[in-house]
Amino acid sequence: MSPKHHGLGDAPIEDKYRRKMNALAKTLDEWFNGDAKGKDRKVGFCLMLWEFGDQPARCNYISNATNRAEVVTLLKEQLARFEGQAEPKEGKS
């Protein structure tokens, strides 16, 4: 199904990014967690990828989280933090 039939992130990873995002996720998980799997892992991550441009971006997402509710909480808290901060000046992060 084409991204225009979905919301910004309401679809599987686009085919053109699937291989790279899966490879990155595997590498990040191994780098931060070694051979640990499932609940034995100590570090979680999520990667969000979109194209710059004028049209609404399609967000591609991947994570090593096993509990989606934890990621939702993380994203809500991060958004609240961003919304409470002044906009960064051009050229600074």
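The following paragraphs describe the fold, the first helix, the salt bridges and the aromatic and nonpolar surface features of a predicted model.

We can begin with the overall layout. The protein chain holds two helices and two strands, and reading along the sequence gives the pattern α-β-β-α. Of its 93 residues, 15% are buried. The accessible surface amounts to about 8,000 Å², and carbon and sulfur atoms account for 56% of that area. Among contacts with a separation of 6 or more, 46% join residues that are 24 or more positions apart.

Helix 1 is a good place to look next. Its 19 residues reach 27 Å from the first C-alpha to the last, close to the 27 Å expected at 1.5 Å a residue. Four names make up its buried set, namely Met21, Ala25, Asp29 and Asn33, and these buried residues pack against strand 1 and strand 2, the latter spanning residues 60-63. Asn33 lies in helix 1, which covers residues 15-33. With a relative accessible area of 9%, Asn33 is buried. Setting aside neighbours within four places in sequence, Asn33 is in contact with Arg41, Lys42, Val43 and Asn64. After helix 1 comes Gly34, whose phi is positive, near 60 degrees.

On the other side of helix 1 in sequence, Ile13 is found in the segment before the helix. Ile13 is buried as well, its relative accessible area being 13%. Beyond its neighbours within four places in sequence, Ile13 makes contact with Arg18, Met21, Arg58, Asn60, Tyr61 and Ile62. One of these partners, Asn60, is 47 residues away in sequence, yet the C-alpha atoms of Ile13 and Asn60 are 5.1 Å apart in space. Met21, another residue in contact with Ile13, is itself one of the buried residues of helix 1.

Turning to charged side chains, a search of the whole structure finds four salt bridges, and three of them are described here. Arg18 and Asp15 meet through their side chains at 2.8 Å, N to O. These two residues are three apart in helix 1, and so are separated by about one helical turn. Arg18 is partly exposed at a relative accessible area of 32%, while Asp15 counts as exposed at 64%. Arg18 also appears among the contacts of Ile13.

Another bridge joins Glu51 and Lys16, with the closest N and O atoms 2.7 Å apart. This pair links distant parts of the chain, since Glu51 sits in the loop between strand 1 and strand 2 and Lys16 in helix 1, 35 residues apart. Glu51 is partly exposed, with a relative accessible area of 32%, and Lys16 is exposed at 53%.

The bridge between Asp29 and Arg41 has its closest N and O atoms 3.3 Å apart. Asp29 belongs to helix 1 and Arg41 to the loop between helix 1 and strand 1, so the pair ties together parts that are 12 residues apart in sequence. Here the relative accessibility of Asp29 is 13%, which counts as buried, and that of Arg41 is 18%, also counted as buried. Arg41 is in addition one of the residues in contact with Asn33.

Aromatic residues bring the description to the surface. Two aromatic pairs are found in a search of the whole structure. Trp31 and Phe32 form a stacked pair, 5.8 Å from centre to centre and with 25 degrees between the planes. Trp31 counts as exposed at 68% relative accessibility, whereas Phe32 is partly exposed at 47%. In the pair made by Trp50 and Phe52, the ring centres are 6.3 Å apart and the planes stand at 80 degrees, so this pair is edge-to-face. Trp50 is partly exposed, with a relative accessible area of 47%, and Phe52 is exposed at 76%.

Trp50 and Phe52 also take part in a nonpolar surface patch of about 640 Å², together with Met48, Tyr61, Leu74 and Leu75. Met48 comes from strand 1, residues 46-49, and is partly exposed at a relative accessible area of 40%. Tyr61, a further member of the patch, is also among the residues that Ile13 contacts.

Definitions and conventions: Residues are numbered from 1 along each chain as its sequence is written. This is a predicted model: local features need pLDDT of at least 70, side-chain atom pairs count only at pLDDT 80 or more; totals for chains, interfaces and linings use all residues. Side-chain values use heavy atoms; hydrogens and water are left out. Patches are made of residues with over 30% relative accessible area and no salt bridge: like charges are joined within 9 Å, nonpolar side chains (Val, Leu, Ile, Met, Phe, Trp, Tyr) within 5 Å. Accessible areas come from the Shrake-Rupley method with a 1.4 Å probe; for residues, only the protein chains shown count as cover. Buried means under 20% relative accessible area, exposed over 50%, partly exposed in between (1.4 Å probe, protein chains only). Contact means heavy atoms within 4.5 Å. Rings of Phe, Tyr and Trp (its six-membered ring) pair if their centres lie within 6.5 Å; planes under 30 degrees apart count as stacked, over 60 as edge-to-face and the rest as tilted. The expected span of a helix is 1.5 Å times one less than its number of residues.
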